[in-house]
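This report describes one protein model, taking its strands, its metal site, its cysteines and its internal spaces in turn.

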Amino acid sequence: MASYAKLLEGYKAFRSQYLSQENSAWLSEAKEGQSPKVMIIACSDSRVNPAIITRASLGDIFVVNNVANLVPPYHESGNTHHSTSAAIEFAVIHLKVEHIVIMGHSGCGGIRALMADHDNPKPENPEPAKHYSFIRPWMQIVDDAAVFTDQEKAAADIESRAKICEQRASLISLKNLVTFPWVKEAMTQDRLKIHAWHYDIGEGRLLEYNETSEEFKELT
Ligand SMILES: [Zn+2]
């Protein structure tokens, strides 16, 4: 895994190769502003980097990283510190992105924390709960994703249930996106499409939600 020193070495290569050889025109173009066509809302997880996974270049993706790649529902009040909502507003109204992708992934720590809360809602030892004082209320946005039917509980092992929960959480975020009036308007006018992806870390594969079949299917 990369140490801090390795990142500094990477920066040298970025200066000498990426900028100098591969993208020499980039700096002068970038100075004029950005016009990405795609926004991706991804988890903060170090193993899920949308730019690396899609081989994107600087300027291609407007990215939000937060715990478990969540979108909160729209609130008219501006009194909250909604960094994700602010980013969505900037991307849709000002940058006029054409796609927004919610990018979930396997082995998501935020989703595991949510599932643990459901399995054990009142921990006997309150001490560990203190360490989730911000994560817990944040994960409440997708609380319904961790409600399993008896059939799901009986049939699915923990890994499978986590995958179900991760994918459901992305679909809740997708629904929440449409609660933002200007997102809905852009979609109605066919200027914006929204997508849910699920990245399998162990396999290195991306799945996309298919609205017709109501399933996540591998992107080919
Ligand atoms: Zn995650």
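In strand 2, I61 is the bridge partner of V38. The model that shows this pairing is a predicted one. V38 belongs to strand 1, which covers residues 38–43, and strand 2 covers residues 61–66. The two strands are joined by six bridges and run in the parallel sense.

**Strands and overall make-up**

Strand 1 also pairs with strand 3, again in the parallel sense, here over five bridges. Within that pairing, I41 stands opposite I102 of strand 3. Five of the six residues of strand 1 are buried, so the strand counts as mostly covered.

A further pairing involves strand 5 (residues 205–210) and strand 6 (residues 215–218), which are antiparallel and joined by four bridges. Here N210 faces E215 of strand 6. Four residues lie between the two strands of this hairpin, and E214 takes a positive phi near 55 degrees.

The protein chain as a whole has ten helices and six strands. Its C-alpha trace spans about 60 × 45 × 40 Å along the principal axes. Of the 220 residues in the chain, 34% are buried.

**The zinc site**

Which protein atoms are the donors of the zinc ion? They are SG of C43, NE2 of H105 and SG of C108, at 2.0 to 2.3 Å from the ion. Along the chain these donors have the spacing C-x61-H-x2-C. C43 is in strand 1, whereas C108 is in the loop between strand 3 (99–105) and helix 5 (109–119), so the two cysteines tie together parts that lie 65 residues apart in sequence.

Both C43 and C108 are buried. For C43 the relative accessibility is 7%, which is why it counts as buried, the cut-off being under 20%.

**Cysteines and disulfides**

No disulfides are found in a search of the whole structure. C165 takes part in none, and the nearest cysteine sulfur to it, that of C108, is 9.0 Å away. A disulfide would need the two sulfur atoms within 2.5 Å. C165 has 0% relative accessibility and therefore counts as buried.

**Pocket and cavities**

The largest pocket holds about 620 Å³ of space. It is lined by 15 residues, and those closest to its centre are G10, Y11, F14, Y18 and I52. Two elements give two or more residues to this lining, namely helix 1 (4–22) and helix 3 (50–53). Helix 1 has the largest share, with nine residues.

Apart from the pocket, there are two cavities of 30 Å³ or more. The table sets out the volume and the lining classes of each space.

| Space | Volume | Nonpolar residues in lining | Polar residues in lining | Charged residues in lining |
|---|---|---|---|---|
| Largest pocket | about 620 Å³ | nine | three | three |
| Largest cavity | about 50 Å³ | five | one | two |
| Second largest cavity | about 30 Å³ | four | four | one |

The lining of the largest cavity consists of A113, L114, D117, Y132, I135, R136, M139 and Q140. Helix 5 and helix 7 (135–139) each supply at least two of these residues. Helix 5 is also the helix that follows the loop holding C108.

What lines the second largest cavity? The residues are A68, N69, G104, H105, C108, I111, E166, A169 and S170. Strand 3 and helix 9 (158–178) are the elements that give two or more residues to this lining. Helix 9 has the largest share, with three residues. Two of the lining residues, H105 and C108, are also zinc donors.

**Summary**

The zinc site links strand 1 with the loop after strand 3 through C43 and C108, and strands 1 and 3 are themselves paired in the parallel sense. H105 and C108 each serve as a zinc donor and line the second largest cavity. The largest pocket draws the largest share of its lining from helix 1.

Terms used:
Residues are numbered from 1 along each chain as its sequence is written. This is a predicted model: local features need pLDDT of at least 70, side-chain atom pairs count only at pLDDT 80 or more; totals for chains, interfaces and linings use all residues. Side-chain values use heavy atoms; hydrogens and water are left out. Donors are N, O and S atoms within 2.8 Å of the metal (3.2 Å for Na, K and Ca); water is not among the atoms, so sites may look incomplete. Buried means under 20% relative accessible area, exposed over 50%, partly exposed in between (1.4 Å probe, protein chains only). Two strands pair if DSSP finds at least two bridges between them. On a 1 Å grid over the protein atoms alone, a cavity is a set of points where a 1.4 Å probe fits but cannot get out, and a pocket is an open set with protein on both sides within 12 Å along at least five of seven lines; lining residues have an atom within 4 Å of a point. Grid points are joined across faces, edges and corners, and a volume is the space filled by probe spheres set on the points. Ala, Val, Leu, Ile, Met, Phe, Trp, Tyr, Cys and Pro count as nonpolar, Asp, Glu, Lys and Arg as charged, and the others, Gly among them, as polar.
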